[in-house]
Amino acid sequence: MIKKILLALLVVLIMLGIWQREVLTYAFLQAKGQIGILMQVRDVEDVLADQSFPDSLKARIRLIQEIKKFGVDSLGLTPSDNYTTFYDQHGRPLIWLITASERYKVKPHQWHFPIVGTFPYKGYFDSTRAVNEEQKLIDSGLDTDIGEVSAWSTLGYLKDPILSSMLPRRDGSLANLILHELTHGTLFVKNNLELNENLASFVGDQGAIRFLKYKYGAESEQMRQYEYSKRYNDAYSQHMLRGAGRLDSLYRTFGQDPEPTKQRDSLKTSLITDIVNDTDTLLSGKRTLTNKNRWPDGKLPNNAYFISYLTYKSKQDTFRQEFETKFGGDLKKYLNHLKGKYPSL
């Protein structure tokens, strides 16, 4: 009887392995990549004590420690062991992120993973595998976008290291990045990436403003630089969100399940060209960033490019209104409210 039960369990495990082979292979590769990084990290205290490590970079690491402390003490982010280690990338990217969308719909392709849920993107530590995955998506008729990632969160399961690529960032941008990732370790709702990323973006932005005021003052050069870049980035994000809406309006005129045609592709390309061209003058009619600089190879974005703005920026006004009207701009109270409202992993 016991032998029969064990045999049945073995058959079930084999069947699960076959059924979820792709997921298991991907999980193994992700774990391998993550462990490969963690095997090469150094404790921050050792880096700061290393006389051969540049003092200018030590100052940036200390600044990250300040940002983290501010996030925990002043904003109510969950304490963790994140950013207590350092990883030197030696100028190499670490993760390539893929997003995908239907040809005539600005809607993210979803990847489903056991336990952690559904994601509108997929990351790879291996650029070759990322490119191969992207090509499969293209061959299946999807629009794709692939890019490097500046940071990621393991949601408290592992100690996220300080990456060497973080250190050259300006103070405001660095504060935004660190507080964004720490927010994921504080509140992460399963199967709701749009909420998670929008919230982390909101906290990163609002938290960076508060940190800069705390450390340098409201009239500081650091604050001036951040506010200027924020004005442009906000304007660009809103422009891309409006662009996504314009594209969806166009695609609805194609009918249900439209077949690809040259005419439809031409209309799509023409509208995306208009959206991109209009980014030249976003701030009061002033020329701020040319298309040549943003798209140096002359290649237009496609539907997948707009997905990131839906994922990261589409709910900013909703968060801001609730934050200001119900909580008087108190970010710590607002975060505590959200932690109670949403069940987190």
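User: Which residue in β6 does Trp96 stand opposite?
Analyst: This is a predicted model. Strand β3 covers residues 96–101 and pairs with β6 in the antiparallel sense over three bridges. In β6, the residue opposite Trp96 is Tyr124.

User: Which strands stand at the edges of the open sheet of three strands?
Analyst: The sheet has the order β6-β3-β7, with antiparallel pairing. The strands at residues 122–124 and 143–148 each have a single partner strand, so one side of each is left without a neighbour in the sheet. Neighbouring strands are turned by 25 degrees against each other on average, direction ignored. The edge strands are β6 and β7.

User: At what angle to β3 does helix α11 run?
Analyst: Helix α11 is formed by residues 303–313. This helix lies across β3 and β7, and its angle to β3 is about 105 degrees.

User: Is Lys122 buried or exposed?
Analyst: Lys122 is found in strand β6, and its side chain has a polar contact of 3.3 Å with that of Tyr124. A residue under 20% relative accessible area counts as buried. Lys122 has 4% relative accessibility, so it is buried.

User: Which helix gives the largest share of the largest nonpolar core?
Analyst: That core has 49 residues, and Ile67 is one of those with the most contacts inside it. Ile67 touches residues including Leu174, Ile178 and Phe211. Eight residues of the core come from the helix at residues 193–215, which is α7.

User: How many residues are in the other core, which includes Ala244 and Tyr309?
Analyst: This core lies apart from the largest one, and Ile272 and Ile275 are also among its residues. Its residues number 21.

Terms used: Residues numbered from 1 in each chain as written. Predicted model: local features only at pLDDT ≥ 70, side-chain atom pairs only at ≥ 80, totals over all residues. Heavy atoms only, no water. Pairing = 2+ DSSP bridges. Helix = DSSP H or I, 4+ residues; strand = E, 2+ residues; numbered from the N terminus. Axes fitted to C-alpha atoms, helices over the stretch in contact; angles between N-to-C directions. Contact = heavy atoms within 4.5 Å. Buried < 20%, exposed > 50% of the residue type's maximum accessible area, 1.4 Å probe, protein only. Polar contact = N/O pair within 3.5 Å; in protein donor to acceptor, adjacent residues only side chain to side chain. Core = buried A, V, L, I, M, F, W, Y, C linked by side-chain atoms within 4.5 Å. Lists of a residue's contacts leave out its neighbours within four places in sequence.
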